[in-house]
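Open the model in your viewer and have a selection box ready. The stops below go from strands to helices and end at an enclosed space.

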Amino acid sequence: MGTYLRYAALGDSATVGLGDPVTTGWRGWARLLAEALGQTYDISFCNTAVIGATSTVVVEQQLADAVAHRPDVASLIVGVNDVMRSGWDTERLRNDLMTCADALAGQGALLMTARFHDHSVMWPMPGWMKRSIQRRTDDLNEIWDEVHATYGGLRLDLGAVPDLQERRFWAADRLHPSELGHRRMARAFGEQLVTYGFTFEPPSLEPGGGLPTSWRQDLAWMAGEGVPWMGRRARDLGPWVVRRAWARETVA
């Protein structure tokens, strides 16, 4: 490996670093990984991720900047926001993800992707919403399987990491990793990069550099953001579930 390394990170709030607060904003797993790589390599890190991004947002607002960075390594992790919205379209999602992977791999980047765990395990939610999210997550993972089979690279199966199901690995909203969760992701990808041939010490699992949180802050967040978010998702997904049920009844 050369001493100069370009890393581009594309995605949503998890890659922004939500759940891992620092004095300058958010840190997160991608930055932790970049900082660890920077101990050995002269690294140029480009994080194009934005909070709330869907696959279409990544294609339209992030991909061009990431490709222009000419990355040696590119992480592409997105899809949860697609799962949570009524405008669910597996064909569009597949086209978006394949477009991104093709452009990044075509640039010569080593891809880092993920398979997602079932987020409904972490969130108490109505049965109809839980079943919908489970089905969509399965469909999303099938697309990521195709991306990996086509373009290769490294990937992290979040559903196969036992400790990621523990509460301490998640922020108050239980949708974004806590500092420990971000560190767990960063270290897992770091270990894969070392196996691939990179020479550096993967990020530590020991907390450090982040802002401490308290149960009062968690409670305030849940009251001000978490519960309203769940209400918005229920209102958004509800009509979609009704339409599906009506379509099944009509066919029957």
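**Stop 1: the parallel strands**

Begin with Val73 and select its bridge partner in strand E6, Leu110. Helices (H or I, at least four residues) and strands (E, at least two) are DSSP runs, numbered from the N terminus. Two strands pair if DSSP finds at least two bridges between them. This is a predicted model, in which local features need pLDDT of at least 70 and side-chain atom pairs count only at pLDDT 80 or more, while totals for chains, interfaces and linings use all residues. Residues are numbered from 1 along each chain as its sequence is written, and side-chain values use heavy atoms, with hydrogens and water left out.

Strands E5 and E6 pair in the parallel sense over three bridges. Now select residues 110–115, which make up E6; five of these six residues are buried. Buried means under 20% relative accessible area, exposed over 50%, and partly exposed in between (1.4 Å probe, protein chains only).

From E6, go on to E7, to which four bridges join it, again in the parallel sense. Thr113 stands opposite Arg155 in E7. While in E7 (residues 154–157), pick Leu156. Leu156 has a relative accessible area of 8%, so it counts as buried. The C-alpha atoms of Leu156 and Ala188 are separated by 7.3 Å, although the two residues are 32 apart along the chain.

Return to E5 (residues 73–77) and cross to E1: five bridges join these two parallel strands. Gly11 has Ile77 as its bridge partner in E5. Colour E1, residues 4–11, by accessibility: seven of its eight residues are buried. E1 is also joined to strand E4 (residues 42–47), by six bridges and in parallel. To see one of these contacts, select Tyr7 and its partner in E4, Phe45.

In a regular strand the side chains alternate between the two faces of the sheet.

**Stop 2: helices H2 and H3**

Select residues 28–37, helix H2. Eight of the ten residues of H2 are buried, so this helix is largely enclosed by the rest of the structure. The buried ones are Gly28, Trp29, Ala30, Leu32, Leu33, Ala34, Ala36 and Leu37.

Next take helix H3 (residues 55–68) and pick Gln61 within it. Is Gln61 buried or exposed? Gln61 counts as exposed, because its relative accessibility is 54%. Draw a distance from Gln61 to Thr48: the C-alpha atoms are 8.3 Å apart, with the two positions 13 residues apart in sequence numbering.

Follow the chain into the loop between H3 and E5, where Arg70 is found. Check its backbone: Arg70 has a positive phi of about 55° although it is not a glycine. Arg70 counts as partly exposed because its relative accessibility is 47%.

**Stop 3: aromatic rings**

Show the rings of Phe, Tyr and Trp. Rings (for Trp, the six-membered one) pair if their centres lie within 6.5 Å; planes under 30 degrees apart count as stacked, over 60 as edge-to-face and the rest as tilted. The whole structure has four aromatic pairs. Select Tyr41, Tyr196 and Phe198 together, since ring pairs link them into a cluster.

**Stop 4: helix H6**

H6 has 25 residues and reaches 36 Å from its first C-alpha to its last, close to the 36 Å expected at 1.5 Å a residue. That expected span is 1.5 Å times one less than the number of residues. The buried positions in H6 are Met129, Ser132, Ile133, Arg136, Thr137, Leu140, Asn141, Ile143, Trp144 and Val147. An α-helix has 3.6 residues a turn, so residues three or four places apart point the same way.

Zoom to Ser132, in H6. Its relative accessible area is 1%, so Ser132 is buried. Ser132 and Val83 are 49 residues apart in sequence and 8.7 Å apart in space, C-alpha to C-alpha. Just after H6, Gly152 takes a positive phi of about 70°.

**Stop 5: the cavity**Finish inside the protein. The structure holds one cavity of 30 Å³ or more, with about 40 Å³ of space in the largest. On a 1 Å grid over the protein atoms alone, a cavity is a set of points where a 1.4 Å probe fits but cannot get out, and lining residues have an atom within 4 Å of a point. Select the lining: Val80, Val83, Met84, Phe116, His117, His119, Ile133, Thr137 and Leu140. H6 gives the most to this lining, with three residues.

Note on methods: 1 Å grid on protein atoms, 1.4 Å probe; cavity = no way out; pocket = protein on both sides within 12 Å on 5 of 7 lines; lining within 4 Å. Points joined across faces, edges and corners; volume = space filled by probe spheres on them.
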